[in-house]
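Me: I am new to this structure and would like a close look at a single part of it. Could you take one strand and describe its surroundings with care?

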Amino acid sequence: MSNKIVEYHSFHIPVMGIGFTIDTPIKVAHYGINSVISLVDDSLIERMRMLYCKKYDLPYSPISNNHFDRRAERIKSYLNLVHRIVKDNIKNYKNKIINDINELNNYMNMFPDYSKFKMRFLELKEKYGNANVLKWVVDNMPIGSIDVNIMTKLDKENYFNGEKLGIEYNDAHSALRGYANSDLSSSVIFSAGMNPSLYCYLEQFKDFYPTDSGFIKKKIILKVSDYRSAIIQGKFLAKKGLWVSEFRIESGVNCGGHVFGVEGKMVGTILEEFKLKRKNLKEEIYNIFINSIRLKNYEEPSIDNLIQKITYQGGVGTSAEHEFLLDYYKLNSIGWG
């Protein structure tokens, strides 16, 4: 029997290409499953917004190619739409569960036995029965996070009426602004390496800074290939008072088609280093982070109030492998595509 504990699910759905997970939160967020939308193609995003506005009979006003900030506006508008639909979906799903005891059982069976949510449900069910535990379930149902992915190096310059726009209108910068100005409370995943200019741009948006309780409306996740990449990028952001809430390690097999994750190291070796140095990673980054926060006169969360997850994705083929990775390397979640 595993000794691990998770809050809800032990897996997430990572970004897949440009379009495969473009609307995944609409399909799975009401089950409490986190998933990731790619922000690469704003033309596709605009077409998806038009499609879903039509499907749900919602007003749609196109954001044309002639809009000088079309990329950020399209992304913000689509993310707000997805957020609205997900809220409606969770409301409808709650009603379905209330009216169908079989749906309640199907829902709870989605969670692993070591989920705190499921364990508490089983305790209450044993005490009070299905009917009486319904209100607790409905009141405590998690909503899957509507996360976004920005490829940091896809940051080409843009022009309007023949004039080059400022760096904040570059592709990755515009995508970040669109997400930052959206209604979401979720995470942005940065992949494809460090972009110092883009990371500096984060400082302009208050939603990326924590409260003293450790709450961050828009969290930062870094997709990394090894420990060295994690600590370098984590410290860079910490100097700006920005906290990395998760390091998401990705297999070279999954991303780029390479057999090795980095420099000939196999994934097990990389995960072992994170396992052994996890406490050190958090403490080193926190010491830099807290000094930066003080200089900016922002709220100062304690290290215990700040979450820093270590997750993995790529190359996982069976549930047994999934369980092994969680157990042995003490990971918080595994990505399944």
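Reply: A convenient place to begin, in what is a predicted model, is the pair formed by Glu250 and Gln313, which stand opposite each other, the latter residue belonging to strand E9. Strand E9 covers residues 309-313, and 4 of its 5 residues are buried, so this strand is largely enclosed by the rest of the structure. Strand E8, made of residues 244-250, runs parallel to E9 and is joined to it by 5 bridges. Strand E10, residues 333-335, is also parallel to E9, with 3 bridges between the two, and here the bridge partner of Gln313 is Gly335. Gln313 thus has a partner in E10, namely Gly335, and also stands opposite Glu250. Together with helix H11, which spans residues 319-329, the strands E9 and E10 make a right-handed β-α-β unit.

The surroundings can be followed further through Phe247, whose contacts, leaving aside its neighbours within four places in sequence, include Lys309, Ile310 and Thr311, as well as Leu222, Val224, Phe274 and Leu281. Phe247 is also named, with Phe190, Phe208 and Phe274, among the residues that have the most contacts inside the largest nonpolar core, a set of 70 residues. To this core helix H10, residues 267-295, gives the largest share, which is 9 residues. Another core, of 14 residues, lies apart from it and has Tyr93, Phe121, Leu124 and Leu134 among its members.

Technical notes. Residues are numbered from 1 along each chain as its sequence is written. This is a predicted model: local features need pLDDT of at least 70, side-chain atom pairs count only at pLDDT 80 or more; totals for chains, interfaces and linings use all residues. Side-chain values use heavy atoms; hydrogens and water are left out. Buried means under 20% relative accessible area, exposed over 50%, partly exposed in between (1.4 Å probe, protein chains only). Helices (H or I, at least four residues) and strands (E, at least two) are DSSP runs, numbered from the N terminus. Two strands pair if DSSP finds at least two bridges between them. A crossover is right-handed if, with the strands pointing away from the viewer, the path from the first strand over the helix to the second runs clockwise. A nonpolar core is a set of buried Ala, Val, Leu, Ile, Met, Phe, Trp, Tyr and Cys residues joined through side-chain atoms within 4.5 Å. Contact means heavy atoms within 4.5 Å.
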